[in-house]
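Reader: I'm new to this one and would like to go through it step by step. Can you show it to me first?

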Amino acid sequence: MSVEPREEAPTSQEPSPRRGIYAAMSGLVIAFLVANLDFTIVATTLPTIAQELGGFADLSLVVTAFAVATAVTTPIWGKLGDLFDRKKLFLASFSLFLAGSALCGAAQTLAQLIAFRAVQGLGAGGLLVGGIAIVGELVAPRQRAKYQGLMAIIMPLAILAGPVIGGLCADRIGWRWAFYLNLPLGAVALVLLVTQLKLPPRTPDRRKVDVVGMLVLAVGIIALTVLTTAVRDGISSVVIASAVAVCLSGGVFFTWERRAAEPVVPLTLFRSRNYSLAALLGFLSGVVMFGAVTFLPLYQQVVQGASATNSGLLLLPLLGGMLVTAPLVGVLVSRTGRFRAYPIGGGVVMTAGSMLLAGIGVDTSQLLVVTGMIAVGVGMGCFMQLTVVIAQNSVAVSDIGAASATAMLARNLGNSLGVSLLGAVYTWQLTRSLSGTHWTGASFGEAAVHNDVAVLPGQMREAARAAVATGVADTFLVAGICSAVIVCLAAFLRDTPLTQQH
């Protein structure tokens with residue numbers, strides 16, 4: 001059973017003319033960029049932050065606070081955008097994000113910085129889902145692929161540029177500018193959005209906001225984040241408690257959402273085959289992408305001897321494949337109105353690239369690694385952002401915020417669960433490979449972080465390199481299986497034509 005889009009009431013005002021759309025899109029792209037940059041820009045500033053503010057043991061919370069706050073608020077901002085004025089809510093979330101950025105730059109203690117990063121994340125959740133939902137409301141279904149293909153290139157750009165910009169700030173002008181840089185960029189974006197973004201007018205929906213659903217969903221997401229982080233160190237009381245919290249909150253959430261007057265995640269959306277498949281495709285693509293971004297630099301540093309900076313730059317083939325393919329696919333979908341072939345073709349190419357990387361070893365040539373990275377990036381670019389377009393095309397305009405938020409939440413869960421799953425595979429294989437040496441997984445991890453592997457005696461160094469190569473290869477074997485599942489799922493998509501009508 002599929003959900004047919006409901007007829008929308010006619011409006012007296014048309015969406016923005018093309019010039020206004022381009023100007024508004026510029027503001028949306030800047031907002032999307034700064035929100036994505038703040039996932040990665042802090043990583044290279046953490047040592048400098050620790051030297052000034054102290055608290056080495058709690059440094060990871062600077063990253064986690066932002067990520068958890070963003071994940072928790074994404075579906076909430078999306079649903080509120082469906083009920084009230086989407087433009088005003090987007091500007092409010094942007095203002096909150098910029099206020100959090102200013103506070104982070106002014107933080108005097110690590111506790112303050114962690115708290116202000118959470119404030120930043122509260123706003124970032126609204127930016128990420130609001131930008132996608134506004135594009136869905138602003139332009140016709142067929143044109144969404146083109147504009148969202150443009151926004152799709154922001155993520156790989158942020159993954160590549162974030163650590164570089166953060167490192168430059170820490171080394172040259174101070175780590176605080178990693179946050180202050182958001183302010184001038186944000187000011188330009190706000191001016192463009194306030195003056196140029198014109199959405200079709202509508203009457204705010206005064207139906208009851210699903211506060212209970214939002215709170216239970218937030219608890220579940222936080223518990224799931226704790227679970228996926230703690231499980232890497234083995235079974236513990238924290239893992240058991242968070243697993244119980246995930247199960248309980250999940251049961252309460254789905255029970256409550258069935259009877260809520262205006263659920264934060266309308267379960268009726270999943271009656272649409274395309275919508276459910278789009279969410280699954282987004283989840284699996286998150287597993288593959290963040291697995292590649294996490295473990296390839298480790299292979300390049302320990303096995304191939306690259307520096308930390310160069311290993312980041314060596315991801316260019318992967319990210320370049322996405323940067324080229326995503327906007328191209330968006331243009332092609334906008335011209336033809338058809339989309340089913342791209343997730344299938346992209347999944348096939350990504351499977352081939354993952355399986356190629358699953359065969360890497362100590363002596364693998366750089367050419368083979370680059371070829372596999374390009375294939376994974378091209379495959380990812382074929383459908384990663386397209387999953388949001390498919391989800392939006394499967395629902396009514398009145399549900400476009402909730403649909404976009406749920407699709408993005410599925411991808412974010414794929415990111416976090418994927419890193420944990422592949423990390424468990426890597427750690428298991430690493431421990432198994434090092435069982436005949438004096439290393440343990442933990443002691444080897446410490447050596448790898450401090451770059452001590454390179455100065456080990458020959459036999460020990462080769463054993464360590466072989467263990468890392470095998471562990472990383474196994475993570476790509478799992479990624480290849482996920483990619484093959486993507487191909488199978490995409491084959492069941494209905495190639496519903498995207499119309500030119502708004």
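Reader: Let's start with one residue. Which helix is T325 found in?
Author: Keep in mind that this is a predicted model. Helix 14 covers residues 316-336, and T325 is placed in helix 14.

Reader: Is T325 buried or exposed?
Author: The cut-off for buried is under 20% relative accessible area. T325 has 9% relative accessibility, so T325 counts as buried.

Reader: Which residue's backbone oxygen lies 2.6 Å from a polar atom of the T325 side chain? And what does T325 touch farther along the sequence?
Author: Leaving aside residues up to four places away in sequence, T325 touches V378, G381 and C382. As for the backbone oxygen 2.6 Å from a polar atom of its side chain, that one belongs to G321.

Reader: Okay, zooming out. How many helices and strands are there in the protein chain?
Author: The chain has 502 residues, and 53% of them count as buried. Its accessible surface comes to about 21000 Å², with 67% of that belonging to carbon and sulfur atoms. The count for the protein chain is 20 helices and zero strands.

Reader: What share of the contacts with a separation of 6 or more is between residues 24 or more positions apart?
Author: Take the contacts in the protein chain with a separation of 6 or more. Residues 24 or more positions apart account for 85%.

Reader: Now the inside. Which residues touch the most other members of the largest nonpolar core, and which helix gives the most to this core?
Author: The largest nonpolar core has 59 residues, and M289 and V472 touch the most other members. Several helices each supply at least two residues of this core, including helix 7 (154-173), helix 14 and helix 20 (458-490). With 14 residues, the one that gives the most is helix 12.

Reader: What does M289 touch, not counting residues up to four places away in sequence?
Author: With those residues left out, the list for M289 holds five names. They are M155, I159, M322, M380 and M384.

Reader: How many residues are in the second, separate core?
Author: Among the members of that core are I21, F32, L127 and L217. The second core has 49 residues.

Reader: F32 also has a backbone oxygen close to a side chain, I think. Which residue has a side-chain polar atom 2.8 Å from the F32 backbone oxygen?
Author: Look in helix 1 (residues 18-40), where this residue has its place. At 8% relative accessibility it counts as buried, and it touches L128, I154, M155 and A158, not counting residues up to four places away in sequence. The residue whose side chain has that polar atom is N36.

Reader: And the aromatic rings: how many aromatic pairs are there, and why is the pair of W177 and Y180 edge-to-face?
Author: The count comes to five aromatic pairs. The ring centres of W177 and Y180 are 5.5 Å apart and their planes lie at 75 degrees, so the pair is edge-to-face. An angle over 60 degrees is what counts as edge-to-face. For W177 and Y180, that angle is 75 degrees.

Reader: How far apart are W177 and Y180 in helical turns?
Author: W177 is partly exposed at 39% relative accessible area, and Y180 is partly exposed at 23%. Because W177 and Y180 are three residues apart in helix 8 (residues 177-180), their separation is about one helical turn.

Technical notes:
Residues numbered from 1 in each chain as written. Predicted model: local features only at pLDDT ≥ 70, side-chain atom pairs only at ≥ 80, totals over all residues. Heavy atoms only, no water. Phe/Tyr/Trp six-rings, centres within 6.5 Å; stacked < 30°, edge-to-face > 60°. Helix = DSSP H or I, 4+ residues; strand = E, 2+ residues; numbered from the N terminus. Buried < 20%, exposed > 50% of the residue type's maximum accessible area, 1.4 Å probe, protein only. Polar contact = N/O pair within 3.5 Å; in protein donor to acceptor, adjacent residues only side chain to side chain. Contact = heavy atoms within 4.5 Å. Areas by Shrake-Rupley, 256 points an atom, 1.4 Å probe, with all protein chains shown as cover. Core = buried A, V, L, I, M, F, W, Y, C linked by side-chain atoms within 4.5 Å.
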